[in-house]
Amino acid sequence: MNVAIVGAGIGGLTLGLMLQRAGIAARVFEASPEVRPLGVGINVLPHASRELGRLGLEAELTRHAVLTREAAFFNRFGQLIYREPLGRDAGYEAPQYSIHRGDLQRVLLDAFAQRAGAQCLQTGWRCTGFTQDAGSVELAFVDARSGARLPSQRADLAIACDGLHSAIRKQLHPAEGEPRYSGVNMWRGVTRWKPFLGGATMVRAGWLTHGKMVIYPIRDAIDDAGNQLVNWVAEIQTPQHRQRDWTRPGELNDFIGAFADWHFDWLDVPAMIRAADSILEFPMVDQDPLPWWTQGRVTLLGDAAHPMVPRGSNGAGQAILDARCLADLLGAGGDPVAALAAYEARRLAATTQVVLTNRSNPPDAIIREVWQRSGDKPFERIEDVISHEELARMSERYKQVAGFDRNTLDRPATS
Ligand SMILES: Cc1cc2nc3c(=O)[nH]c(=O)nc-3n(C[C@H](O)[C@H](O)[C@H](O)COP(=O)(O)OP(=O)(O)OC[C@H]3O[C@@H](n4cnc5c(N)ncnc54)[C@H](O)[C@@H]3O)c2cc1C
């Protein structure tokens with residue numbers, strides 16, 4: 001069998017590695033002429049990091065990532081609402097990685113090139129669509145730089161891992177509407193900063209009406225002063241937003257005002273933002289879950305299949321879980337077309353639930369609840385507002401939906 005993977009992002013490369021492990025020939029076609037470290041921070045939670053560990057990548061990822069140990073939630077006055085351990089500190093066998101997206105992609109890419117052979121990865125090949133018949137699928141490509149047509153490529157199966165702007169999704173669902181704007185715009189960046197709260201804490205603070213921040217370190221000891229690379233995301237409710245583009249630069253003055261007085265004893269937030277290497281802007285958008293992903297020998301995976309708002313640290317994770325499911329089904333032998341249908345049957349409903357829960361009750365629902373109950377005022381004691389048990393239950397519910405609660409993960413693996 002010969003599988004064509006469109007897109008060398010997190011999902012496509014993970015699938016390539018998993019198919020290689022299963023002895024299935026896979027070629028990856030990537031539009032970018034060179035894979036550069038684009039993006040900022042990303043989290044890989046234990047349900048997905050254990051899959052990367054099974055691919056033998058734990059040591060390499062540990063070298064690049066911060067192994068996140070704790071989640072902490074604050075109101076906009078810097079008062080602690082709730083904290084809980086994460087990753088191995090929470091008893092999972094696998095860690096939580098907070099990592100630069102470029103580092104994660106590079107680790108996957110190097111492993112794929114080494115194991116499958118560099119000739120199995122074509123860069124600068126932009127897929128423009130497909131045709132198929134009963135026996136195979138043919139992918140059409142143009143040169144990403146010149147736009148010139150490249151030779152079509154035939155394969156037994158084509159897996160579209162081409163992300164948010166998936167050309168194959170558009171071909172499968174041409175009448176799909178525009179992305180759905182959540183009403184929240186985001187500004188993202190990275191700053192070289194000294195470790196805060198122990199150096200391995202993922203912070204969520206404030207609320208979207210006034211401004212919310214997500215802050216976590218993604219690289220350790222980046223210089224002799226012991227600084228870390230710290231990823232931050234500012235999220236503010238506003239009707240103003242522009243089209244989604246991972247590389248759109250953002251303007252400090254468009255959002256810094258919301259955080260001007262966030263001088264907490266654990267972090268001076270505006271100072272950290274002002275010291276950023278660069279700022280990107282991105283609207284918080286997703287798309288309504290699709291009714292189907294698969295047509296014969298072609299299917300969708302990762303963001304191409306189920307773009308979600310980034311509020312549960314699950315975009316990369318669900319792409320990795322998709323890859324595992326598909327690689328297992330193809331690795332079991334049998335009819336590959338039936339395997340694609342079975343993959344969709346297993347993963348579409350599961351990821352739809354994550355997409356919808358990210359809209360309504362993501363992990364930061366904890367701070368929304370306290371914001372509502374406290375009337376957005378400082379509190380004397382958090383216990384007067386909400387009990388620790390209730391907060392813990394809210395956190396647990398999201399883990400169950402996304403498939404990383406301890407009970408689900410501690411079940412024996414399916415293969
Ligand atoms: C440049 C960039 C920056 C990002 N930055 C962040 C970030 O900072 N934080 C975060 O949480 N998430 C970020 N993401 C998204 C994140 O990687 C995904 O949400 C998640 O990891 C799921 O991965 P995926 O493989 O489905 O999609 P992606 O990781 O987006 O990968 C899709 C890949 O397909 C390629 N591609 C697109 N169209 C075509 C085509 N027609 N033919 C061939 N190849 C094509 C893209 O170049 C890309 O390499 C970024 C994605 C990109 C592409």
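A backbone N or O atom of Gly-41 lies 3.1 Å from a nitrogen atom of the ligand, and in this predicted model the protein buries 89% of the 910 Å² that the ligand exposes when taken alone. The shell around the ligand comprises 29 residues, and the points below begin with that shell before turning to Gln-318, to the cysteines and to individual helices.

**The ligand and its shell**

- Among the 29 residues that surround the ligand, the closest are Gly-11, Glu-30, Val-40, Arg-101 and Asp-303.
- Arg-101, one of these closest residues, places a polar side-chain atom 2.7 Å from an oxygen atom of the ligand.
- Ala-31 contributes through its backbone, with an N or O atom that lies 3.1 Å from a nitrogen atom of the ligand, and Gly-41 likewise has a backbone N or O atom at 3.1 Å from a ligand nitrogen.
- Sorted by class, the shell is made up of 14 nonpolar, nine polar and six charged residues.
- At least two residues of the shell come from each of the helices α1 (10-21) and α7 (315-331), and the strands β2 (25-30), β3 (41-44) and β9 (125-132) each supply at least two as well.

**Gln-318 in helix α7**

- Helix α7, which is among the elements that supply shell residues, also contains Gln-318.
- With a relative accessible area of 2%, Gln-318 is buried, because a residue counts as buried when this value is under 20%.
- Once its neighbours within four places in sequence are left aside, Gln-318 is in contact with His-47, His-306, Met-308, Arg-347, Thr-351, Val-354 and Ala-402.
- Although Gln-318 and Ala-48 are 270 residues apart in sequence, their C-alpha atoms are 7.5 Å apart in space.

**Helix α2 and the residue that follows**

- Helix α2 spans residues 46-54, and its buried residues are Pro-46, His-47, Ala-48, Ser-49, Glu-51 and Leu-52.
- One of these buried residues, His-47, is among the contacts of Gln-318, while Ala-48 is the residue whose C-alpha lies 7.5 Å from that of Gln-318.
- Just after α2, the backbone of Gly-56 takes a positive phi of about 80°.

**Cysteines**

- The count of disulfides in the model comes to zero.
- Cys-120 is in no disulfide, and the nearest cysteine sulfur to its own, that of Cys-161, is 15 Å away.
- Cys-325 is likewise without a partner, because its sulfur is 13 Å from the closest cysteine sulfur, which belongs to Cys-161, and this is too far for a bond.
- Both residues count as buried, Cys-120 at 14% relative accessibility and Cys-325 at 10%.

**Asp-103 and Ala-341**

- Asp-103 has its place in helix α4, which covers residues 101-116, and with a relative accessible area of 12% Asp-103 is buried.
- When residues up to four places away in sequence are not counted, Asp-103 touches His-64 and Arg-219.
- Ala-341 lies in helix α8, which covers residues 336-360, and with a relative accessible area of 44% Ala-341 is partly exposed, whereas Asp-103 is buried.
- Ala-341 and Ala-327 are 14 residues apart along the chain, and their C-alpha atoms are separated by 13 Å.

Terms used
Residues numbered from 1 in each chain as written. Predicted model: local features only at pLDDT ≥ 70, side-chain atom pairs only at ≥ 80, totals over all residues. Heavy atoms only, no water. Near = heavy atom within 4 Å. Polar contact = N/O pair within 3.5 Å; in protein donor to acceptor, adjacent residues only side chain to side chain. Areas by Shrake-Rupley, 256 points an atom, 1.4 Å probe, with all protein chains shown as cover. Helix = DSSP H or I, 4+ residues; strand = E, 2+ residues; numbered from the N terminus. Nonpolar A, V, L, I, M, F, W, Y, C, P; charged D, E, K, R; others polar. Buried < 20%, exposed > 50% of the residue type's maximum accessible area, 1.4 Å probe, protein only. Contact = heavy atoms within 4.5 Å. Disulfide = S-S within 2.5 Å.
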